[in-house]
Structures are given as C-alpha cells and as structure tokens.
Amino acid sequence: MKRLTKQSVLGLAVLCALAAGPVVVAEESASTPGATPGAAGPELVAVKFHADWCGSCKAMGDVFGDLSAKLDAEPVLFVELDLTTSADRQQAGYLMHAMDAGAVWNEHGAKTGFILLLDPADMSVRGKLTKEMGFKDMVKAIGEARAGA
C-alpha cells in the first residue's frame, strides 16, 4: 500500500473541498501570474472559521476574499470552513483531518469568527486574525507568519 505524503493529502483535501460545495477553497494555480509550475506547495494555509449566524464573521465582512485577492500571487492557500449547520461542521472537520490538521480542528472547530494561519509542514498555528485587526495588520501578520515558517 502506498503511503500518502502531507502534500498529496493537502491536494486531496482541496479536491474534496471543491466537490463538497459548502467549503470554498482558493489556491494559486500554475496559470496565475507569478506562479511557478510544479511549485512545492503553499508556504502558509489561511483557514477561516465562518458561520452565517456569527456576529464576528459578519463584522469581518469580505476581508477573507480581499486578502485572497491581494495575495493571489503569493504561495498562500486560503480555505474557508463553513460552520453554519451541523452538516457543514461535519464536512469542515473531515477536511481539516484530511489536511492533517485534526489537532487544530479539535481545539478551534467549535468556534467561529477568526482566521488561523497554519504552517503547512506541520499544521501548527502561526497566527490568528480577528475582527479587531485592520486589513493592513492582517496582511502584515500573514507576511510575518510566512517568514516564520
């Protein structure tokens, strides 16, 4: 039996996310300007814990999409976990476990209204973005998290 690497599991997680529907994933592709074909993968994974009923999520507005657009040429994988319903939470949990981020899910999966910055090598938390931060501070935190990885 062939053993899966973290990178292949991450790729599988992206495919599962695309097929699942409620989970939105945006990743730099080889056709994106600045992308390197055959690149090793993202340097950082930004995971938004979102629910439609969450006040903090509403306060953050479209910042996740804005971050993704601003950093579209950077090696950052943006993953949005929809935690609105129990079915959505179950799918989000499956995705996090497939990404080998089960420990992160176990600690943060019941909460919403923030973005965690994860090191894709070991899925450790490198930073946390919240509604209290301005957009420029969030971009800076992502840069610092990438530099620290």
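## Exposed face of helix 6

Lys136, Lys140 and Ala147 are exposed and lie on the face of helix 6 that is turned away from its buried side. The model is a predicted one.

## Buried face and length of helix 6

The buried residues of helix 6 are Met138, Val139, Ala141, Ile142 and Ala145. They span an arc of only 160° around the axis, and therefore sit on the same side of helix 6.

Helix 6 covers residues 135-148, which is 14 residues. At 1.5 Å a residue the helix should span 20 Å, and its end C-alpha atoms are 20 Å apart, so the expected span and the model agree.

## Packing partners of helix 6

The buried residues of helix 6 pack against three strands besides strand 2: strand 3, strand 4 and strand 5 (125-130). Helix 2 (55-60) and helix 3 (63-70) are also packed against by these buried residues.

## Strand 2

Strand 2, one of the elements that helix 6 packs against, runs over residues 44-50, and seven of its seven residues are buried. Both of its faces are covered. On one side are Leu44, Ala46, Lys48 and His50, and on the other are Val45, Val47 and Phe49.

## Strand pairing

Strand 2 pairs with strand 3 (residues 76-82) in the parallel sense, over seven bridges. In this pairing His50 stands opposite Asp82.

With strand 4 (residues 114-118), strand 2 pairs in the antiparallel sense, over five bridges. Here Ala46 stands opposite Leu117. Both His50 and Ala46 belong to the buried residues on one side of strand 2.

Definitions and conventions. Residues are numbered from 1 along each chain as its sequence is written. This is a predicted model: local features need pLDDT of at least 70, side-chain atom pairs count only at pLDDT 80 or more; totals for chains, interfaces and linings use all residues. Side-chain values use heavy atoms; hydrogens and water are left out. Buried means under 20% relative accessible area, exposed over 50%, partly exposed in between (1.4 Å probe, protein chains only). Helices (H or I, at least four residues) and strands (E, at least two) are DSSP runs, numbered from the N terminus. Two strands pair if DSSP finds at least two bridges between them. The expected span of a helix is 1.5 Å times one less than its number of residues. The arc is that of the directions from the helix axis to the C-beta atoms. Contact means heavy atoms within 4.5 Å.
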